[in-house]
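Let's take a walk through this protein together, one stop after another. Have a look at it before we set off.

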Amino acid sequence: MKKTPLENWIIKRTGISPENPDALKSYQLEKVLETLSYAKDNSRFYQKQLESIDPRKIKSWEQFEQLPLTRAEDIKNNPFDFLCVPQSQIARIVTLNTSGTSGPKKRIFFTEADLQKTVDFFDYGMRSLIDNTDRVMVLLPGQAYGTIGDLLKKALDRTGTYCVVYGLLNDLEAVEKTMIENEINCIVGIPIQVLYLSRSKAASFKHIEKVLLSTDYVPQALVIELNRKFGCQVFNHYGMTEMGYGGGVECQALNGYHLREGDLYFEIVDPLSGKAVADGVTGEIVFTTFNRQAMPLIRYRTGDIGAFSVDACQCGSFLRTMKKVSGRLKNRIQLAGDVTFDLKELEEILLADEDLIDYQVTIKDDQTLLIEVSLYQYETAKAKEAQLQRCIETHFLKNHGEVMQIEVKRSPLQKPDQLVNSMVKRKIRDWRKESSSE
Ligand SMILES: [Zn+2]
């Protein structure tokens, strides 16, 4: 099995010795402390947030772990307070559409150097699954400068790897045509869209050997189906815009991500206390950037649920592994009677059904859980609706007791670009508190 290419990349970029892997932690501490000083000197937000803290007095990870966390709301409330460079030096601004169209929006800023760091990570990250004989199609936005597709193309250009950036899947026939004409054997895309493509029974799909899923956590049911039906390897990438798009990617062991440790420092914390948890224990993923010019982030809460693996990776790398993200805190919903359920429970049932294209889960009120599904086979849809209803009712009864009325309803067949769950991270609509924010 090939060792993750991220190991050599990190050794090269950080200058640490491979004989002394502990040096990585020392390197990261030094870099994180640099970030603290830089952010406190240059950003209005961290001037305030770190007011009583002298970064020069922090000498250990224990002290670092006492620092306050940064929340998504902090960025949303005033993104410009995070800026560390004049606006004239910003090469790319990403505005994240989270919940609803009104209210403040999260904005993330990058300088040209920040974007180049992402290109560098994508270059080496992609080598986990491909080499320059592969032919890649990217189903992610790529038209504009500095978009994820644009950066990925630049990364693959560095090794002379053939790459077509199609953009988001909006037209099945056009995508299939692109796959055939360009003899594509590797697809990079959003989980629900790649699933949709695979379910279109596209003949060209049988030439696909590798898939990289990105931008959202990936239900196991989806990986199993892609593996089984197409015999292709399914790699997961973990990242979010705030990280500079990229955060970590699986090696050929396909058992969790190796991380972008030369640019980011990851922690897992207890979401309630904010305290770090031991390796192997599940908590919220938190990260700190280093060498980021425009908008450094310190102990930023991702809202994603994850854990470090306690075992060394089978690929033989000294790098640690983060287990696959298992969901989002926002998708853990409190029901009546202190019962908590997670969207991923439903997804494992819904996405395992080959007729399903898309779904929307809504908590209508304290009594009713509404699940709207788009299905392929219109003729059998009524029976399918009833079947899904039974499956979910049984699951709920067994795991949570009789807490909710389950209502499964068909929604009209969506065109691919209207898939409700494709563009944003998949989430539950909770009508009991519609004002709640991302
Ligand atoms: Zn590995």
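**Two helix pairs, a metal site and some loops**

Helix 11 and helix 12 cross in a right-handed way (a crossing is left-handed if the near helix is turned anticlockwise from the far one by less than a right angle, and right-handed if clockwise). Helices and strands here are DSSP runs numbered from the N terminus, with at least four residues for a helix (H or I) and at least two for a strand (E). Keep in mind that this is a predicted model: local features need pLDDT of at least 70 and side-chain atom pairs count only at pLDDT 80 or more, while totals for chains, interfaces and linings use all residues. Residues are numbered from 1 along each chain as its sequence is written, and side-chain values use heavy atoms, with hydrogens and water left out.

Back to our pair. The axes of helix 11 and helix 12 come within 10 Å and cross at roughly 145°; axes are lines fitted to C-alpha atoms, for helices over the stretch in contact, and angles run from 0 to 180 degrees between N-to-C directions. On the helix 11 side you'll find Glu345, Leu346, Ile349 and Leu350, which meet Leu388, Cys391, Ile392, His395, Phe396 and His400 of helix 12. Contact, by the way, means heavy atoms within 4.5 Å.

Which residues of helix 11 are buried? Helix 11 spans residues 343-350, and its buried residues are Leu343, Glu345, Leu346, Glu347 and Leu350. Buried means under 20% relative accessible area, exposed means over 50%, and partly exposed is in between (1.4 Å probe, protein chains only). The cover over those buried residues includes strand 15 (340-342), strand 16 (356-363), strand 17 (368-375) and helix 12 (381-400).

Step into the loop between strand 17 and helix 12 and you meet Tyr376. Tyr376 counts as partly exposed because its relative accessibility is 25%. Setting aside neighbours within four places in sequence, Tyr376 is in contact with Leu172, Tyr196, Arg199, Ser200, Asp355 and Ile357. Tyr376 and Glu354 are 22 residues apart in sequence, and 8.6 Å separates them in space, C-alpha to C-alpha.

Now for another helix pair. Helix 1 (residues 5-14) and helix 6 (residues 112-126) have axes that come within 8 Å and cross at roughly 145°. Pro5, Leu6, Trp9, Lys12 and Arg13 of helix 1 make the contact with Asp120, Phe121, Tyr124 and Gly125 of helix 6. This crossing of helix 1 and helix 6 is right-handed.

Let's pause at Asp120, which sits in helix 6. At 10% relative accessibility, Asp120 counts as buried. Beyond its neighbours within four places in sequence, Asp120 is in contact with Trp9, Arg13 and Arg158.

Helix 6 turns up again as part of the cover for helix 7. In helix 7 (residues 148-158), the buried residues are Ile148, Gly149, Asp150, Leu151, Leu152, Ala155 and Leu156. What covers them includes helix 6, strand 3 (135-139), strand 4 (162-165) and strand 5 (186-189). Just past the end of helix 7, Gly160 takes a positive phi of about 70°.Next comes the metal site. What holds the zinc ion? Its protein donors are Cys251 (SG), His258 (NE2), Cys313 (SG) and Cys315 (SG), lying 2.1 to 2.3 Å from the ion. Donors are N, O and S atoms within 2.8 Å of the metal (3.2 Å for Na, K and Ca), and water is not among the atoms, so sites may look incomplete. The 4 donor atoms subtend angles of 102 to 114° around the zinc ion, so the arrangement is tetrahedral. Four donors count as tetrahedral if all angles lie between 85 and 135 degrees. Along the sequence, the donor residues are spaced C-x6-H-x54-C-x1-C. Cys251 is buried, with a relative accessible area of 1%, and His258 counts as buried at 0% relative accessibility.

Our last stop is Thr288, in strand 11 (residues 283-289). Thr288 counts as buried because its relative accessibility is 0%. The side chain of Thr288 reaches the backbone nitrogen of Arg299 at 3.0 Å. Leaving out neighbours within four places in sequence, the residues in contact with Thr288 include Val32, Phe64, Asp263 and Tyr265. Arg299 itself lies in the loop between strand 11 and strand 12 (300-306), and has a positive phi of about 50° although it is not a glycine. Arg299 is buried, with a relative accessible area of 1%.

Definitions and conventions. Polar contact = N/O pair within 3.5 Å; in protein donor to acceptor, adjacent residues only side chain to side chain. Tetrahedral: all angles 85-135°; square planar, octahedral: opposite > 155°, others 65-115°.
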